[in-house]
Amino acid sequence: MPQVGCCIAGGGPAGMMLGLLLARQGVEVTVLEKHGDFLRDFRGDTVHPSTLRLLDELGMAAEFLELPHQEVRKLGVTTDDGTYVLADFGRLPGRFPFLAFVPQWDLLDFLADRARRYPNFHLKMNAEVLGVLREEGRVTGIRYRTPGDGEQELRALVTVAADGRDSRLRTEAGLRLREFGAPMDVLWFRLPQPPHSTGPSFGGAGRITRGRMLIRLDRGNYWQCAYLVPKGGFAALKAAGLDSFRADLARLLPVGDAPEALRSWDDVRVLSVRVDRLTRWHRPGLSFIGDAAHAMSPIGGVGINLAVQDAAAAARLLAGPLRDGVVPPRRLAQVRWRRLLPTVVTQGVQRLIQTRVLSRILAGDQAIGTPPVLRFIDRHPVLQGLPARVIGFGVLPEHASPSLSRGVGVRP
Ligand SMILES: Cc1cc2nc3c(=O)[nH]c(=O)nc-3n(C[C@H](O)[C@H](O)[C@H](O)COP(=O)(O)OP(=O)(O)OC[C@H]3O[C@@H](n4cnc5c(N)ncnc54)[C@H](O)[C@@H]3O)c2cc1C
């Protein structure tokens, strides 16, 4: 049976970044992705300064930013009273004072392309992980299926589950999940940008009014929109009909924007918002990272970036032991210890915003108006750097260790 140092279930941001970093470190690594390509429905595409800095430390940021992208330097909120700046990324230190909007498939293709330059990196597309192999209470690899070759097995010193928030390996490992709930779901759709759009000049903005919230992100020639509905509220919205939804949007959008461009419900993707976290992120021989370990609320657009940071921490902690051929369970536990604080703090802030602000807006609470904190931050621009830092870097951002950035293992 084939054997590698590390096999990774899932070729999302967490799995691809970990695969690349381990390959640079000379580890024999295989990533298995159940889809045939990375071109999927919209899944978020905000690449934050923490990720850009990491790419820079790996010597890849300049090439990455050659991909078509938009740079958002300020985020703001428009209420019935006016527009307020909430976060100014221009106040961040470093070379990347902005959020880069890059379609997720471009990010994943980029990582795959860089990783494939290492002979010890293997990417199997159309490979669905079915379960783990076990020997004497230890996970020793995975079972997977490909369309041509049917069911197969791959042995590995360490298996990493990066298979997202519906992780099959999580279920199989029988790990306990703490679920925190969320008061809302998010509808994602695109609207064309009229030639002389009166949208926010700074690229990203929320629009709040009683009972409604819409976020619009400037994607060059269209708006990427996120419309919040109370948890499970899509069915009622759909029952009320598309015309009623378009009329709702017209109330939130500036004059000139075109909600009628939304032709059918097929243009709308529903994200069922979840916030959860495993209480333990490993079993002997098996480690969980990214959404598989902790699903994040979309607030702040941090999911991709936390997944990438998990991968960087896991690569730093596991590459050496993987090269040595012995990975003690306490090494796997250290991945969780390193990433627990950023996860808990980020989810804590998200849950606070969900309960204190978003659920009140969605419930049509008249008292909420323009939240005083918004007015305060808008009046004191120096404070706009703080939300930018929380969103852009978060807590304990990872760096590429010198060996990771040099790529001490195999040369491409
Ligand atoms: C609609 C939507 C919008 C979002 N918007 C944003 C945003 O703007 N910014 C942001 O930062 N985050 C956003 N997110 C969240 C973000 O996409 C995730 O947090 C991030 O992708 C997590 O990365 P991951 O690698 O851990 O998991 P995923 O990206 O979920 O990747 C898991 C991968 O594993 C594969 N997989 C699953 N099961 C198997 C299996 N059995 N065998 C093999 N492969 C398998 C999947 O196909 C997938 O490619 C959004 C999510 C959604 C759904």
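A residue counts as near a molecule if one of its heavy atoms lies within 4 Å of that molecule. On that basis, in this predicted model, 32 residues surround the ligand, and those that come nearest are Glu33, Arg43, Thr46, Asp291 and Gly301.

**Ligand shell**

By class, the shell around the ligand is made up of 12 nonpolar residues, 12 polar residues and eight charged residues. Several secondary-structure elements contribute to it. At least two shell residues each come from α1 (13-24), β9 (128-135) and α8 (303-324). The element that gives the most is α8, with four residues.

**Polar contacts**

Oxygen atoms of the ligand pair with polar atoms of the protein as follows.

| Residue | Protein atom | Distance to a ligand oxygen atom |
|---|---|---|
| glutamate 33 | polar side-chain atom | 2.6 Å |
| aspartate 291 | polar backbone atom | 2.8 Å |
| alanine 14 | polar backbone atom | 2.9 Å |

Glutamate 33 thus uses its side chain, whereas aspartate 291 uses its backbone, as does alanine 14. On its own, the ligand has 990 Å² of accessible area, of which the protein covers 89%. Glu33 and Asp291 also belong to the group of residues that come nearest to the ligand.

**Helix packing**

Two helix pairs involve elements that supply the shell. In one, helix α2 (residues 49-57) meets α8: their axes come within 9 Å and cross at roughly 40°. Angles under 35 degrees would count as roughly parallel and 65 to 115 as roughly perpendicular, so α2 is oblique to α8. The crossing of α2 past α8 is left-handed.

In the other pair, α1 meets helix α4 (residues 104-115), with axes that come within 9 Å and cross at roughly 20°. Because angles under 35 degrees count as roughly parallel, α1 and α4 are roughly parallel to each other. Here too the crossing is left-handed, with α1 passing α4.

Conventions: Residues numbered from 1 in each chain as written. Predicted model: local features only at pLDDT ≥ 70, side-chain atom pairs only at ≥ 80, totals over all residues. Heavy atoms only, no water. Polar contact = N/O pair within 3.5 Å; in protein donor to acceptor, adjacent residues only side chain to side chain. Areas by Shrake-Rupley, 256 points an atom, 1.4 Å probe, with all protein chains shown as cover. Nonpolar A, V, L, I, M, F, W, Y, C, P; charged D, E, K, R; others polar. Axes fitted to C-alpha atoms, helices over the stretch in contact; angles between N-to-C directions. Parallel < 35°, antiparallel > 145°, perpendicular 65-115°, else oblique. Left-handed = near helix turned anticlockwise from the far one by under 90°.
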